[in-house]
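Here is a friendly briefing on one helix and the core it belongs to. Have the sequence and the model open as you read.

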Amino acid sequence: MTVGRTYDLVLFGATGFTGRLTAEYLAEHAPEQTRWALAGRDRGKLETLRSRLAAVNPACADLPLLHADVTAPKTLDVIAAAARVVMTTVGPYIHHGEPLVAACAAAGTDYVDLTGEPEFVDLMYVRHHAQAMASGARIVHACGFDSIPYDLGAYFTVQHLPEDSPIRLEGFIRAKGVPSGGTTRTAITAVSRARQTLQAARARRRVEPEPSGRRVRMYRGLSRFAPVSGAWTTLPLPTIDPMIVVRSAGVLDRYGPDFSYGHFCAVRNPAMAVGAVAGATGLLVLSQFPAARDVLLKLRGPGDGPSAEQRAKSWFNLRFVGEGGGRRVVTEVAGGDPGYGETAKMFAEAALCLVYDDLPATAGQLTTAVAMGDPLIERLRAAGITFRVLKTA
């Protein structure tokens, strides 16, 4: 469907904090023959960014600049029709994301984003999965720290366990980082919409087929000491990541006939675990009140983010413990600054993977494990993100 398109990649939202980092990564690492463009609504900001990229890679001096605005859907139709893959950083996606998903689904154009919003992902499945299946578009959400390390880490771990046996998998995350203004706004928006999120999940369950002859589920547990991570774990993390893992498991038979996944935040001691739960509960409560939510949204402005020095000190470490068929394996996925440096890397490599790599014939709304799997793991390894087996028994 995308043969003869003008561009291999179009990056929409390029002038935001994460968008700039992604553009810089592409300027340094995209193959020379890649035909890519920057898209946004402010021509002046796009020109400033292009000049900045040209200082990194002189070939970017002639990078095309495209007008695109979520309030003008026809501009999104134009970039979707011109590109093989469209990348977007424009969030919160529940407010700004659907017109571009719709445009890509209709045009047969591959789409990747950085959303961590379950409500948005579920609604896009209900509204646009069938159209994307018909057109051949691959709609791949959550292509940053939410949720590539978890999704591909689980996929990597399962491949080291016997086939055709029930598998129980746990993921333990430790990380250090500073959120940007855009991420803060997205998180507050998401937790303020708990009721709508539940409604979207129910709507998806009504239309999405269940795995045939297989059982796939998330499970929850209490705080406890986890020797594999050397830390206490809180209650299960209320993020999109375990949902993505389970959806990959529902599609891929390699996860076995009975797959369960538990997702935990690892902290150093029980007091920190209690504090983390209390902080999350407080944010959830405050976000339900418009006045308090407005104050929270003003803590960081859109486009603000951690400094290069702060990002250099940030890191993430994700341990998986998988058991099945009488075997036990411990794996690790690790890298640097999770929210921005590594997110820009994952995001860009996911898009490049869709452009260049030999991938399974798939379409519709997909996870990274289903759409890209091993080729994307190899790309991320080459880019410096660790995927390794620590122990087997």
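Helices (H or I, at least four residues) and strands (E, at least two) are DSSP runs, numbered from the N terminus. This is a predicted model, in which local features need pLDDT of at least 70, side-chain atom pairs count only at pLDDT 80 or more, and totals for chains, interfaces and linings use all residues. Residues are numbered from 1 along each chain as its sequence is written, and side-chain values use heavy atoms, with hydrogens and water left out.

**Helix α2**
- Residues 43-56 form α2, whose 14 residues reach 20 Å from first C-alpha to last, close to the expected 20 Å (1.5 Å times one less than the number of residues).
- At its N-terminal end, Asp 42 caps α2, with a side-chain oxygen 3.0 Å from the backbone nitrogen of Gly 44.

**Two sides of α2**
- Leu 46, Leu 49, Arg 50, Leu 53 and Ala 54 are buried (under 20% relative accessible area, 1.4 Å probe, protein chains only; exposed is over 50%).
- These buried residues lie on the same side of α2 because they cover an arc of only 145° around the axis, taken from the directions from the helix axis to the C-beta atoms.
- Thr 48, Ser 51 and Ala 55, on the other side, are exposed.
- The buried residues pack against α1 (17-29), β2 (36-40) and β3 (65-67).

**Leu 53 and its surroundings**
- Beyond its neighbours within four places in sequence, Leu 53 is in contact (heavy atoms within 4.5 Å) with residues including Ala 23, Trp 36, Leu 38 and Leu 63.

Terms used:
A polar contact is a pair of N or O atoms within 3.5 Å; within protein, one must be able to donate a hydrogen and the other to accept it, and residues adjacent in sequence count only if both atoms are side-chain atoms.
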